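Here is a quick tour of a few side chains, going from a polar spot to some aromatic rings and then out to the surface. Have the structure open and follow along.

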Amino acid sequence: MSAVPYFLLASAAIVFGLGSLHLLFTFRGPRFDPRDAALKRRMQEVALVLTGETTVWKAWIGFNASHSLGAILFGAVYAHLALQRPEVLTASPFLLGLGAVLLALYVGLAWAYWFRIPLRGLGLALLLYLLGLGQILLQG
């Protein structure tokens with residue numbers, strides 16, 4: 001039996017887990033609050049240049065939540081495919097390439113803008129994904 005689905009499943013599980021924690025931390029506790037309480041108050045008061053219909057704080061929460069949902073969706077879809085329909089995933093250059101590109105972009109964002117926990121987690125997810133992808137290419 002091929003290890004490919006397990007590499008892809010492990011990769012997807014990491015992204016799903018990171019996205020789930022990110023969503024939890026967005027709505028529970030102070031982890032995404034600025035260390036400066038006055039800055040948080042200003043973010044809650046100030047509107048964006050784009051629109052007066054929201055504040056910087058509401059946009060911040062919305063961006064974090066939607067970012068989390070994207071990671072959760074990626075993890076859920078790729079885990080489902082790896083477990084239930086590995087033949088669909090392994091036979092689709094589009095899905096395989098999309099997964100690799102998205103994970104590489106997440107690693108690039110983590111490197112440039114985030115911190116070491118998501119960088120390490122996403123780096124491991126990318127490595128596992130590429131191991132699965134490499135096995136697919138070697139079997140092909």
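Does Asn64 count as buried or exposed? Asn64 counts as buried, because its relative accessibility is 9% and the cut-off for buried is under 20%. Keep in mind that this is a predicted model.

**Around Asn64**

Asn64 sits in helix H3, which covers residues 56-84. Leaving out residues up to four places away in sequence, Asn64 touches His22, Thr26 and Phe32. With His22 there is also a polar contact, side chain to side chain, at 3.2 Å.

**The aromatic rings**

Staying with helix H3, let's turn to the rings. How many aromatic pairs does a search of the whole structure find? The search comes up with three. One of them is Phe74 with Tyr78: the ring centres are 4.4 Å apart and the planes meet at 25°, so this pair is stacked. An angle under 30 degrees is what earns that label. Phe74 and Tyr78 are four residues apart in helix H3, which means about one helical turn separates them. Both rings belong to residues that are tucked away: Phe74 is buried at 6% relative accessibility, and Tyr78 is buried too, with a relative accessible area of 5%.

Tyr106 and Trp114 make a tilted aromatic pair, with 6.4 Å from centre to centre and 40° between the planes. Tyr106 counts as buried at 11% relative accessibility, whereas Trp114 is partly exposed at 32%.

Going back to the stacked rings, Phe74 and Tyr78 form one aromatic cluster together with Tyr129.

Here are the two pairs described above:

| Pair | Centre to centre | Angle of planes | Description |
|---|---|---|---|
| Phe74 and Tyr78 | 4.4 Å | 25° | stacked |
| Tyr106 and Trp114 | 6.4 Å | 40° | tilted |

**Out to the surface**

Trp114 turns up again on the outside. Which residues make the nonpolar surface patch of about 570 Å²? Leu109, Tyr113, Trp114, Phe115 and Ile117 make the patch. Among them, Tyr113 lies in helix H5, which spans residues 93-113. Tyr113 is exposed, because its relative accessible area is 64% and anything over 50% counts as exposed. So Trp114 has two roles in this tour: a partner for Tyr106 in a tilted ring pair, and a member of the nonpolar patch.

Definitions and conventions. Residues numbered from 1 in each chain as written. Predicted model: local features only at pLDDT ≥ 70, side-chain atom pairs only at ≥ 80, totals over all residues. Heavy atoms only, no water. Patch = residues over 30% accessible without salt bridge, like charges linked within 9 Å, V, L, I, M, F, W, Y side chains within 5 Å. Areas by Shrake-Rupley, 256 points an atom, 1.4 Å probe, with all protein chains shown as cover. Salt bridge = Lys/Arg side-chain N within 4 Å of Asp/Glu carboxyl O. Helix = DSSP H or I, 4+ residues; strand = E, 2+ residues; numbered from the N terminus. Buried < 20%, exposed > 50% of the residue type's maximum accessible area, 1.4 Å probe, protein only. Polar contact = N/O pair within 3.5 Å; in protein donor to acceptor, adjacent residues only side chain to side chain. Contact = heavy atoms within 4.5 Å. Phe/Tyr/Trp six-rings, centres within 6.5 Å; stacked < 30°, edge-to-face > 60°.
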